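Biologist: Before I plan anything at the bench, I would like to go through this structure with you piece by piece. Could you take my questions one at a time and show me how each answer is reached?

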Amino acid sequence: MNENKQLLLVEDDLYSAETLKFALEAKGHDVTLATNGRDALNMVNDDMPQLIILDVMMPKMDGYHFCRLIKFDARYKHIPIIIVSSKIQDADRELGLACGANEYITKPYDLNILISTVEESLNNLVEEVNNANI
Amino acid sequence: MLQCVEHTSLFKFIMVEAARILEADMCNLFLVDENSGKLNCFTLDKGKVKEIRTPLTRGLAGYVAKTGESINLEDAYQSPLFDPQIDEDMEYKTRTVLCFPVKQKNNKVIGVLRVVNKKGKALFTSHDEWLCKSFAIFVSNAISMINGKKAVSPDTMITENMRLFNLAVEDLPEGVIIITNDTDSVVVNPAVKWMLGWKINKDIDKENTTLLLNGLGLGDVSKWLEDEVGMLTSQEITIQIPGSKVIKVDFAEINGGMNNKRNRGCIVVFYDITKEKEVDHVKSEFITIASHELLSPITSMNNAVNLILQGMLGPNTEPQKKFLRIISDGTKYLSYLTTSLLDIALLEAGKIPVKKEKVDLEAVIKSTIESLWFKAEENKISLINKNGNTPSVLADSNRVRQALLNLLDNAFKFTPHGGEIIVETNTTENEVEICVKDNGVGILLEEQEKIFERFYQIENTATKKHYGIGLGLSICKDIVEAQRGRIWVESKERGGSNFVFTLPLYK
């Protein structure tokens, strides 16, 4: 497995993407950006990111579809996915979680809260790997 | 005319039943006396029929008798036709009035049926109008039968009444089912059949009607009729035949007088609200899309400006910080407005499901208050939690938190620096009252009912300043009522406000 600590940000709205990318990079994370689900899928295949931050409403392939493809693929299903969406209804959240997302955060969100969610998920991942090694 | 025994008992029956079925304080019957040109007004006084004569030109009844038109008034005193002297004579305060002419078959007006003051400060509905009209037809028919010296036994009167009643029910656009436990016959009008797509060729009997009603989710009707279950609930149901229809099912209880379990029964009314729902749907769809398109850029703006404010892109000068804060406050406010509008659209479309589960109220209050400590400190307001040993309630914890946050947010707006906001609870027999008290500017009496309306803006009486767009409290009311609670405010100008909402106890 590739060892870099890369985050994949899948978001078609460039303004949202840029602010979030900047904030994450300021915290020392390495962020790559995909603007639709299909590109993102290729990047997952090539780079094997550590965590995916995912928007729902995107052209070509929406977030739910992308999420299912990742979570039902044995090669990738261990990658945590945090959905960040402006679809705020309970039903949307349930659908997101049913597609396998680990977290579902709705807009408007607080940057600090999103970043701490990302870091918590990464820490959990490290613990899981350590436990598995034991 | 009144000497006739049948008349007296008939009038009494009409006045008692009309008042009861229309849920009104009082029902009077007026009959035109052609010889004297006056109206004879019949009232009930301690269970006895009393007769008063009034001039034919006087008051609402006089107007209806003269013109043959019906009247439905929300406030009698607003009408030039109303004669307040009548209230004074009878030591009574008339509010809502429903007046229908009693007409003969040739359309001649022979009297007036007047129903006064709908109970619970409500207004008379179109359904009440229809009921009142049915009573007026019944009166006319009964009087002509008695005057025509037909053999009138109580039985033929009832049969005749039923015939008329059936005629009226047949033509009604709303579906009506009447079912009672003391008879095997039921009333099911044609509207029910086409509304529900109910294909049944043989005679409709009690059994298949009960089965139909049970299938609608009202509850077990047959058990209810036998008084084995306490309550049936009104429902909105969607029916797929032939096109998808949304039908509102309203349920009204019939009780055959005090403690008379024998006559237990119900009237179920079906309204086709498909069109209204479609309009609602389009409206809420529009708001959902519009809000979604707003939420993304607002979030980006908010995040971007906060990154700059935090100095992540290099140091800012003081004037730069000042203007960045203006942008930051603006985007926060936009974000609040957008989520509020979205909340309302979702609530109205019934798309926010409200759970009914055991909620640890004390914990919810505690965590909600803790989340606001920073804000309290910033505003130099003491935020005090005075509740303890609060029992659990049957509610939705997220919605309880939302309601409480809205009320606290409101209290912050109206409490000056150095003021205090107290949250406390009282437990009554069936519910818990949650009170949010402040010692701010208070709310004028005439504003107290309006503040829960959509888009009603409260003016701070001290600063003459408006706050928000008037959605917070109306959302709060929706949320509380969806959990079967109530909400109100007690306040005096300059004496602070006490907002109270209730939630049912978890039993």
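Modeller: Let us begin with a single residue, bearing in mind that this is a predicted model. Asp329(B) has 11 other C-beta atoms within 10 Å, and a residue counts as exposed if that number is 12 or fewer, so Asp329(B) is exposed.

Biologist: In which helix is the place of Asp329(B), and what distance separates its C-alpha atom from that of Asn302(B)?

Modeller: The place of Asp329(B) is in helix α10 of chain B, which covers residues 318-348. Asn302(B) is 27 residues apart from Asp329(B) along the chain, and the separation of their C-alpha atoms is 8.8 Å.

Biologist: Turning to chain B as a whole, what percentage of its residues is buried?

Modeller: Chain B has 14 helices and 20 strands. Among its contacts with a separation of 6 or more, 57% are accounted for by residues 24 or more positions apart. Of the 507 residues in chain B, the buried ones make up 31%.

Biologist: Which helix supplies the largest share of the largest nonpolar core?

Modeller: That core has 41 residues, and those touching the most other members are Leu29(B), Cys99(B), Leu113(B), Val115(B), Cys132(B), Phe135(B) and Val139(B). Several elements of chain B each supply at least two residues of this core, including α1 (5-21), β1 (24-33), β6 (109-118) and α4 (126-147). The largest share, eight residues, comes from α4(B).

Biologist: Leaving aside residues up to four places away in sequence, which residues does Phe135(B) touch, and how many residues are in the other core?

Modeller: With those sequence neighbours not counted, Phe135(B) touches Ile14(B), Ala18(B) and Leu113(B). Apart from this core lies another, with Val393(B), Ala403(B), Leu408(B) and Phe499(B) among its members, and its size is 36 residues.

Biologist: How many residues of α2(B) are buried, and which residue with a positive phi follows this helix?

Modeller: The buried residues of α2(B) are Gly59(B), Leu60(B), Ala61(B), Gly62(B), Tyr63(B), Val64(B) and Ala65(B). The helix is thus mostly covered, with seven of its nine residues buried. The residue that follows α2(B), with a positive phi near 75°, is Gly68(B).

Biologist: What arc do the buried residues of helix α2 in chain A cover around its axis?

Modeller: In this helix, residues 37-47, the buried residues are Gly37(A), Ala40(A), Leu41(A) and Val44(A). They lie on the same side of α2(A) because the arc they cover around the axis is only 105°. On the other side, Asn42(A), Asn45(A) and Asp46(A) are exposed. What covers the buried residues includes β1 (6-10), β2 (30-34) and α3 (63-71) of chain A, and the arc asked for is 105°.

Biologist: Where the two chains touch, which helix gives the largest share of the chain A side?

Modeller: The contact takes 16 residues from chain A and 18 residues from chain B. By class, the chain A side has nine nonpolar, four polar and three charged residues. The largest share of that side, seven residues, comes from helix α1 (residues 14-26) of chain A.

Biologist: Finally, what is the bridge partner of Ile487(B) in β20(B)?

Modeller: Strand β19 (residues 487-491) and strand β20 (residues 497-504), both of chain B, pair in the antiparallel sense over five bridges. They form a hairpin with five residues between them, and in the turn Arg494(B) has a positive phi of about 65°. In β20(B), the bridge partner of Ile487(B) is Phe501(B).

Methods:
Residues numbered from 1 in each chain as written. Chains lettered and ligands numbered in written order. Predicted model: local features only at pLDDT ≥ 70, side-chain atom pairs only at ≥ 80, totals over all residues. Pairing = 2+ DSSP bridges. Helix = DSSP H or I, 4+ residues; strand = E, 2+ residues; numbered from the N terminus. Buried ≥ 20, exposed ≤ 12 C-beta atoms within 10 Å, placed from the backbone. Arc of directions from axis to C-beta. Contact = placed C-beta atoms within 7 Å. Nonpolar A, V, L, I, M, F, W, Y, C, P; charged D, E, K, R; others polar. Core = buried A, V, L, I, M, F, W, Y, C linked by C-beta atoms within 7 Å.
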